[in-house]
Amino acid sequence: MSHDAELAALDISAADSISDEVLDTFYDRAHLLSVMRAVLDYIDERVGKGLTLPYFADIDTELWQEKSKALDLYITDDIEGRALNLEARGKDYATNILSYPSELPAAIIQLMPTLPLGELIICHEVMVREAQEQDKTLAQHISHLLVHGMLHLLGFDHELGQAEQDEMEYFEIEILAGLNLPNPYI
C-alpha cells in the first residue's frame with residue numbers, strides 16, 4: 001500500500017533554543033515525511049505477511065493498513081534532552097532520540113480517523129556529535145534515528161535481547177536501503 005500525503009501526517013515542533021535555520025536545514029518536513037512513508041510502507045508489507053506489531057497487536061491487520069498514521073516529532077537541545085531522558089528512563093544524559101508511543105487502547109484507535117503512532121524527541125546536539133563520531137552525514141544519521149524511533153513506537157525494542165536487537169537492526173537496514181542510505185551498523 002502506498003502512503004501518500006493523506007495517509008501519513010507529520011507534525012514537527014522544536015524547543016525555542018533550536019533555530020529556524022537548523023530546522024529548515026536538517027529537519028526538512030518533505031524529507032522526514034518520505035522517511036516516515038518508507039517505514040510505513042515496509043511495515044505494511046511485513047504486516048501483510050504476518051508480522052505482528054507489539055504495540056498494535058490488538059488491531060485488525062486491514063484496519064492498521066487502511067488507517068492514516070500520524071507522528072509528532074519534537075527537536076530539542078542537550079539541556080532539555082537530558083532532563084527528558086532522566087525523567088523517562090532514569091538516565092542522566094542527553095540521548096539521541098526518545099520515543100513515546102501513543103498507547104491508546106485498540107477500541108479507541110478503531111474509532112479514530114488517524115492512528116497516532118506517538119511522539120519522537122530528537123536531541124539535535126547529540127545527533128550532530130554522533131554523526132561526526134560515526135563519520136556520517138547528519139542527514140543520514142537523522143534518517144536512521146527516525147526509522148529507529150518509529151520502530152520503537154510500533155513496539156520493537158532492541159534492549160529486550162539479541163533476537164529483538166537483530167530483528168530491529170535488520171528492519172532498519174532494509175528500510176534505509178530502500179531510501180538509498182547506507183547500513184548504519186558497518
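**View 1. D28 in the loop between helix 1 and helix 2.** D28 sits in the loop that runs between helix 1 (20-26) and helix 2 (29-48). Helices are DSSP runs of H or I with at least four residues, strands are DSSP runs of E with at least two, and both are numbered from the N terminus. The model is predicted: local features need pLDDT of at least 70, side-chain atom pairs count only at pLDDT 80 or more, and totals for chains, interfaces and linings use all residues. Residues are numbered from 1 along each chain as its sequence is written, and side-chain values use heavy atoms, with hydrogens and water left out. D28 has a relative accessibility of 37% and therefore counts as partly exposed. Here buried means under 20% relative accessible area, exposed means over 50%, and partly exposed lies in between (1.4 Å probe, protein chains only). D28 joins D20, E21 and D24 in a surface patch of negative charge. Patch members have over 30% relative accessible area and no salt bridge; like charges are joined within 9 Å, and nonpolar side chains (Val, Leu, Ile, Met, Phe, Trp, Tyr) within 5 Å. Asp and Glu count as negative and Lys and Arg as positive, while His and the chain ends are not counted. Each charge is placed at CG of Asp, CD of Glu, NZ of Lys or CZ of Arg. The areas come from the Shrake-Rupley method with a 1.4 Å probe, and for residues only the protein chains shown count as cover.

**View 2. F26 and L138.** F26 lies in helix 1 and is partly exposed, at a relative accessible area of 32%. Its C-alpha atom is separated by 7.5 Å from that of L138, although the two residues are 112 residues apart along the chain.

**View 3. L71 in strand 2.** L71 belongs to strand 2 (residues 68-76). With a relative accessible area of 1%, L71 is buried. From L71 to E21, a residue of the negative patch, the C-alpha to C-alpha distance is 22 Å, and the two are 50 residues apart in sequence.

**View 4. Salt bridges of K49 and R46.** Four salt bridges are found in a search of the whole structure; the term means a side-chain nitrogen of Lys or Arg within 4 Å of a carboxyl oxygen of Asp or Glu. One of them joins the side chains of K49 and E45, at 3.3 Å from N to O. K49 is exposed, at 64% relative accessibility, whereas E45 is partly exposed, at 47%. Another salt bridge joins the side chains of R46 and E174, at 3.4 Å from N to O. R46 lies in helix 2 and E174 in helix 8 (residues 162-178), so this pair ties together parts that are 128 residues apart in sequence. R46 is partly exposed, with a relative accessible area of 25%, and E174 is partly exposed, with 33%.

**View 5. The salt bridge between R129 and D78.** The closest N and O atoms of R129 and D78 are 4.0 Å apart, and the two residues form a salt bridge. The pair links distant parts of the chain, with R129 in helix 6 and D78 in helix 4 (residues 78-89), 51 residues apart. Both ends are partly exposed: R129 has 37% relative accessibility, and D78 has a relative accessible area of 26%.

**View 6. K136, a buried lysine without a salt bridge.** K136 is found in the loop between helix 6 (124-133) and helix 7 (138-153). K136 is buried but has no salt bridge, and E130, the nearest side chain of opposite charge, is 7.3 Å away. The side chain of K136 does make a polar contact with the side chain of Q134, at 2.6 Å. A polar contact is a pair of N or O atoms within 3.5 Å; within protein, one must be able to donate a hydrogen and the other to accept it, and residues adjacent in sequence count only if both atoms are side-chain atoms.

**View 7. H148 and E172.** H148 is placed in helix 7 and counts as buried, at 10% relative accessibility. Its side chain makes a polar contact with the side chain of E172, at 2.7 Å.

**View 8. Positive phi at E103 and N180.** E103 is not a glycine, yet has a positive phi of about 55 degrees. E103 lies in the loop between strand 3 (97-101) and helix 5 (106-111) and is exposed, with a relative accessible area of 65%. N180, also not a glycine, has a positive phi of about 60 degrees. N180 is in the segment after helix 8 and is exposed, at 72% relative accessibility.
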